[in-house]
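Q: How should one read helix packing, nonpolar cores and backbone angles in a model of this kind?

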Amino acid sequence: MKIGIIGGGMMGLSLAYRLSQQGHQVTVLETNEQLGGLATHHDFGAFVWDKFYHVILPCDTDLVNLIKDIGLKDKLHWRPTLTGCYIDQKLYSISNTIEFFKFPPLSIIGKLRLAFTMLYGSRVNNWQKLEKIPVEKWLLKISGKNAYEKLWKPLLLAKLGENYQRVSAVFIWSYIKRLFSARDSSLHKEQLGYVEGGYKTVFDRLAELIRASGGNVLASTKVQYIAPHPEQGIWVESNRGKELFDKVVFTAPVNVLQQVVSNDLAQVSGDGNVEYLGVICMVLITRKPLVPFYIVNLADSRIPFTGVLGMSNLVSLKETNGLHFTYFPKYIHSEDPLLKQPDQSLRDLFFKGLRLMFPDLDADDIVSVHINRAQKMQPLQVLNYSRMVPQVFTQHKDFYVLNSSQFIKDTLNNNTVVRHVDKFVHDWKEGNS
């Protein structure tokens, strides 16, 4: 069967690989020059790595299985990492139970209630109930005022700005569910993973295997119109021409679908417009590490970025020619004018925060500075978000839609993507057998 896959991110490429392994002839059409979508790579000069920060957790079994299936098991590495918190103008380590209970900003009761929040949140399954509760109300009830004012509220402000007041408890619950599993219960240490060469290695291998199975992966291919053939199959028109497929699976965002898909193929409905968070991410390449942690959570409203991700505390220095690299993300509303500011203005803003956190940072230690941005990084999970998500109804037996708009109760990460792909492929096989 000849199948067209619209979109060459993790979803499109992993889907194309799975279908090609079933004997189908698959063609992937990706608008951008690089494959990978939000997980694509960036040339940092001395090395190439992910444009935005990504990490693999021990619970990411769907993603790990895919990595093994495509022959990259030997390139998957696990390392223990440390966690820090910057609060009250001080940097603390909270990487184990002892450090957590010594954490000065919280009272003993606050620490106990915070620990209970993490444990309780990791075991809650009724997300439908949580999406009706404001995140602030839920955290105050479970964690108490001390933990909320000292830790949760500054973190919510850093992550969401004033938008946190409109977000449901699902937002923080989904993160707790995912991150809680990063801690190995037998070692009481965080175990995090990465693939040599970053996600570029994964995407290159997927593309290689798709082509080896008789398929094709076409970057710089802008789809202009998708319509049904009068008899059977689907026409896809792009800047490369017009091609007929037996089946087409659309993995790009819903707003793109509405622009290019014929009304004969799909209709979109929903109670409202989904809002998105965008991200600005400064990446600093240095000769020395800035922090000993993989992640530093920030609870200081003076700092203009959301967190500090010391990737060189996870990724081997062999990957980066001995240099250290650190991500500084700032999450803002997708319509925030800051996303359109010149790189130099954003550098100046971020460096104000750097000087506050790292007053001893020597300019000679900085090798390079990079500013990356994405307008739509993830949906803003406001109250009753599931009722606002656009519902896509396909109206043709040869046209399918699989995209991240269907992630109502999940954080957007590559494991979630692969899990949805594997379910789709299972249902596809059942429906076409």
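**Reading the packing**

A: This is a predicted model. A convenient place to begin is M10, which, leaving aside its neighbours within four places in sequence, is in contact with G36, L63, L66, Y199, V202, F203, N414, V417 and V418.

Q: To which elements does the largest nonpolar core owe two or more residues?

A: In soluble globular proteins, nonpolar side chains tend to be buried together. Here the largest nonpolar core has 38 residues, and I5, M10 and L15 have the most contacts inside it. Two or more residues come from each of β1 (2-6), α1 (10-20), β2 (25-29), α2, α8 (199-212) and α12. Helix α1 gives the most, with seven residues. A second, separate core of 34 residues includes F103, L114, L160 and V170.

Q: At what angle do the axes of α2 and α12 cross?

A: Two packed helices are described by the angle between their axes and the distance between the axes. The axes of α2 (residues 61-69) and α12 (residues 414-431) cross at roughly 75° and come within 7 Å. Because angles of 65 to 115 degrees count as roughly perpendicular, α2 is roughly perpendicular to α12. From α2, the contact is made by T61, D62, L63 and L66; from α12, by N414, N415, V418, R419 and D422. By class, this contact has three nonpolar, three polar and three charged residues.

Q: Is N321 buried or exposed?

A: N321 has 57% relative accessibility and therefore counts as exposed. This residue lies in the loop between β18 (307-310) and β19 (324-333). Its phi is near 55°, a positive value in a residue other than glycine.

Q: Where is N384 found?

A: N384 is in the loop between β20 (366-379) and α11 (385-388). N384 is not a glycine, yet has a positive phi of about 55°.

Note on methods. Residues numbered from 1 in each chain as written. Predicted model: local features only at pLDDT ≥ 70, side-chain atom pairs only at ≥ 80, totals over all residues. Heavy atoms only, no water. Axes fitted to C-alpha atoms, helices over the stretch in contact; angles between N-to-C directions. Helix = DSSP H or I, 4+ residues; strand = E, 2+ residues; numbered from the N terminus. Parallel < 35°, antiparallel > 145°, perpendicular 65-115°, else oblique. Contact = heavy atoms within 4.5 Å. Nonpolar A, V, L, I, M, F, W, Y, C, P; charged D, E, K, R; others polar. Core = buried A, V, L, I, M, F, W, Y, C linked by side-chain atoms within 4.5 Å. Buried < 20%, exposed > 50% of the residue type's maximum accessible area, 1.4 Å probe, protein only.
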